[in-house]
Amino acid sequence: MNTNVTSTALTGAGLAIGLALLVVQHARWWKTAGGGPAGGGGAARDPKALIPFWSGIAFGTVMVACPAGLLGTAAGALRWGGNSLGDFVMSVMTGQRSNVVATASAPSLDGNGALVVTAVVVSLWLLRKQFAKIAKAGFKSGVWSGTLLAIGTGTFAVIGNFVVPTVNSAGAQLLGKVVHGTFL
């Protein structure tokens, strides 16, 4: 296993940690959101309760797409932590070591996308006291899950291939409309 903090590799054990975060968040939502019609009472499950978590996954995906900087380095550290923790748990529980299952394959964030990400980071920092603890916890869990799952292949690569180009496009539109006067 590669223990370099800026590694773009994802191990099977890191993938297990990312999936576990995903499952736990959705299981908590399922259990605590009320019984709904099938559960015999209570309020229906509100998908809006998952917005902080899925926003975190999107942000973690964008972090993976950052080629460098604090966000790119933090994504590498989160991947390294997930890979290491997962490998430790896997080896203790099963006696097996984990293998690399994927390397970074998310599209790269461009200068236009970096404009949007910078605005989001500054906004989140300035508004951090306004968010409820539960929303913060869901977002942070989503970020960690996103950094682990975004570099996979298959289903999670689809998320990365949707989120990053969308952010890049939003930055290009923002730049064109606000800066270059094509707003109207």
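The buried residues of helix H4 are covered by elements that include strand E1 (9–11) and the helices H1, H3 and H6. In this predicted model, the buried positions of H4 are Gly-72, Ala-75, Gly-76, Arg-79, Gly-82, Asn-83, Gly-86 and Asp-87. The 26 residues of H4 should span 38 Å at 1.5 Å a residue, and the end C-alpha atoms of the helix lie 37 Å apart, which agrees with that expectation. Just after H4, Gly-95 adopts a positive phi of about 80 degrees.

The elements named above belong to a protein chain with 7 helices and 2 strands. Along the sequence, these elements follow the pattern β-α-α-α-α-β-α-α-α. Of the 184 residues in the chain, 34% are buried. Among contacts between residues at least 6 apart in sequence, 80% join residues at least 24 apart.

Contact between H1 and H4 can be followed through Ala-13. Ala-13 is found in helix H1 and is buried, with a relative accessible area of 1%. Leaving aside neighbours within four places in sequence, Ala-13 is in contact with Gly-82, Asn-83, Gly-86, Asp-87, Met-90 and Ser-98. Among these partners, Gly-82, Asn-83, Gly-86 and Asp-87 also appear among the buried residues of H4. The C-alpha atoms of Ala-13 and Ser-84 are 8.0 Å apart, although 71 residues separate the two in sequence. A separation of 71 residues along the chain also applies to Asp-87 and Ala-16, whose C-alpha atoms are 9.4 Å apart.

Asp-87, placed in helix H4, takes part in the 1 salt bridge that the structure holds. Its partner is Arg-97, and the closest N and O atoms of the pair are 2.8 Å apart. The pair links distant parts of the chain, since Asp-87 lies in helix H4 (residues 69–94) and Arg-97 in the loop between H4 and strand E2 (100–103), 10 residues apart. Side chains of opposite charge can pair when their charged atoms come close. The two partners differ in their exposure: Asp-87 counts as buried because its relative accessibility is 2%, under the 20% limit, whereas Arg-97 counts as exposed because its relative accessibility is 56%, over the 50% limit.

Helix H3 (residues 51–65), another of the elements covering the buried residues of H4, has 15 residues. From its first C-alpha to its last, H3 reaches 21 Å, close to the 21 Å expected at 1.5 Å a residue. The buried residues of H3 are Phe-53, Gly-56, Ile-57, Phe-59, Gly-60, Thr-61, Val-62, Met-63, Val-64 and Ala-65. Thr-61, found in this helix, is buried with a relative accessible area of 1%. Not counting residues up to four places away in sequence, Thr-61 touches Gly-146, Ala-150, Ile-159, Gly-160, Val-163 and Val-164.

H3 also contributes to the largest pocket, in which about 670 Å³ of space lies. Each of H3, helix H5 (111–127), helix H6 (133–149) and helix H7 (155–179) supplies at least two residues of the lining. The lining comprises 23 residues, and Phe-59, Leu-124, Phe-131, Phe-139 and Val-143 lie nearest the centre of the pocket. One of these central residues, Phe-59, is also among the buried residues of H3. By residue class, the lining divides into 18 nonpolar, 2 polar and 3 charged.

The second largest pocket has a volume of about 340 Å³ and is lined by 15 residues. Gln-25, Arg-28, Trp-29, Ala-49 and Ile-134 lie nearest its centre. The elements giving two or more residues to this lining are helix H1 (12–32) and H6. H1 gives the most, with 6 residues. The residues of this lining divide into 10 nonpolar, 4 polar and 1 charged. H6 thus contributes at least two residues to the lining of the largest pocket and two or more to that of the second largest pocket, and H6 is also among the elements covering the buried residues of H4.

Key:
Residues numbered from 1 in each chain as written. Predicted model: local features only at pLDDT ≥ 70, side-chain atom pairs only at ≥ 80, totals over all residues. Heavy atoms only, no water. Salt bridge = Lys/Arg side-chain N within 4 Å of Asp/Glu carboxyl O. Helix = DSSP H or I, 4+ residues; strand = E, 2+ residues; numbered from the N terminus. Buried < 20%, exposed > 50% of the residue type's maximum accessible area, 1.4 Å probe, protein only. Expected span 1.5 Å × (residues − 1). Contact = heavy atoms within 4.5 Å. 1 Å grid on protein atoms, 1.4 Å probe; cavity = no way out; pocket = protein on both sides within 12 Å on 5 of 7 lines; lining within 4 Å. Points joined across faces, edges and corners; volume = space filled by probe spheres on them. Nonpolar A, V, L, I, M, F, W, Y, C, P; charged D, E, K, R; others polar.
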